[in-house]
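I'm opening a fresh page for this one. My plan is to look up a few spots and jot down what I find.

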Amino acid sequence: QMLTVLQNFFPSTYNTSALTIGNAGFVPPVDLIFNNNIVQKTLVWTYGNGNPGKLTQCRNNIFDGPDNLATPSLKFATTDFQNNILIATGAIVEITANAADVAYNIGTQSAQFGTANNNLVVPNTTSLFVGGTSPDGQYLIKSGSQASQNGSDGADRGAFGGFVVTSRYTLSGLAPVPVVYQATTTGVVTPSGLPVTIKARTIK
């Protein structure tokens, strides 16, 4: 069976893994794709006695989970781990993969992804993002930063990047269609009706 987890925001409300297996008899999907998500928690995908479950593809995610844990923040097996950004400086990474399959990622320590295969070590990841108070908008990549336009596909690294534009994370879950963000009116009805000014734009 195939399962795709795409364009989700996993808040830090509960200290759990973004993906969990609650039933001991659960058989993990054979083809699991986890792309373009913002994860403010761990991603520990295991089954049985802690065996790493497989993510067929894990691309363009931002992992901003708990810091300085005694257990891994990321633990799974994969054949494609690219263009991801790990923010927590103390995060432990246990990814079972061939070295060439872990590429174009950004971590804060060399022990996380290293520097081979276009992986980068950026101790202060705040320099990568526009910041701000928006829960998801703060993770937009800052133009000219070390994550800008230099992923494996020439696009940004992180959730808002990736070659396929329609797969990129969408702010606040807004669809890729024109969205009304402002509407004003005088409140005075004229012979031609009620004058209304509407402002709209396409998010992506």
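**Entry 1: a surface spot.** I started with Val196 and found it in strand S19, residues 196-202 (strands are DSSP runs of E with at least two residues, numbered from the N terminus). Before going on, I noted that this is a predicted model, where local features need pLDDT of at least 70, side-chain atom pairs count only at pLDDT 80 or more, and totals for chains, interfaces and linings use all residues. Residues are numbered from 1 along each chain as its sequence is written, and side-chain values use heavy atoms, with hydrogens and water left out.

Is Val196 buried or exposed? I got neither: Val196 is partly exposed, at 47% relative accessible area (buried is under 20%, exposed is over 50%, partly exposed is in between, with a 1.4 Å probe and protein chains only). Val196 also belongs to a nonpolar surface patch with Val189, Leu194 and Ile198, and together they have about 390 Å² of accessible area. For a patch like that, residues need over 30% relative accessible area and no salt bridge, and nonpolar side chains (Val, Leu, Ile, Met, Phe, Trp, Tyr) are joined within 5 Å. A salt bridge would be a side-chain nitrogen of Lys or Arg within 4 Å of a carboxyl oxygen of Asp or Glu. The areas come from the Shrake-Rupley method with a 1.4 Å probe.

**Entry 2: Thr78.** Next I looked up Thr78, which sits in strand S11, residues 74-78. Thr78 is buried, with a relative accessible area of 3%. What does the side chain of Thr78 reach at 2.7 Å? I found the backbone oxygen of Leu55 there. A polar atom of the Thr78 side chain also lies 3.0 Å from the backbone nitrogen of Asp80. I checked Cys58 too: its C-alpha atom is 7.4 Å from that of Thr78, and the two residues are 20 apart along the chain.

**Entry 3: aromatic rings.** How many aromatic pairs does the structure hold? I noted five (ring centres of Phe, Tyr or Trp, the last by its six-membered ring, within 6.5 Å; planes under 30 degrees apart are stacked, over 60 edge-to-face, the rest tilted). One of them is Phe76 with Phe81, tilted, at 5.9 Å centre to centre and 45 degrees between the planes. Both of these residues are buried. Phe81 and Phe113 are tilted as well, because their planes stand at 40 degrees, with centres 5.5 Å apart. Phe81 is in strand S12 (81-82) and Phe113 in the loop between strands S16 (106-107) and S17 (120-121), so this pair ties together parts 32 residues apart in sequence. Phe113 is buried, like Phe81. I closed the page with Phe76, Phe81 and Phe113 as one aromatic cluster.

How values were computed. Helix = DSSP H or I, 4+ residues; strand = E, 2+ residues; numbered from the N terminus. Polar contact = N/O pair within 3.5 Å; in protein donor to acceptor, adjacent residues only side chain to side chain. Patch = residues over 30% accessible without salt bridge, like charges linked within 9 Å, V, L, I, M, F, W, Y side chains within 5 Å.
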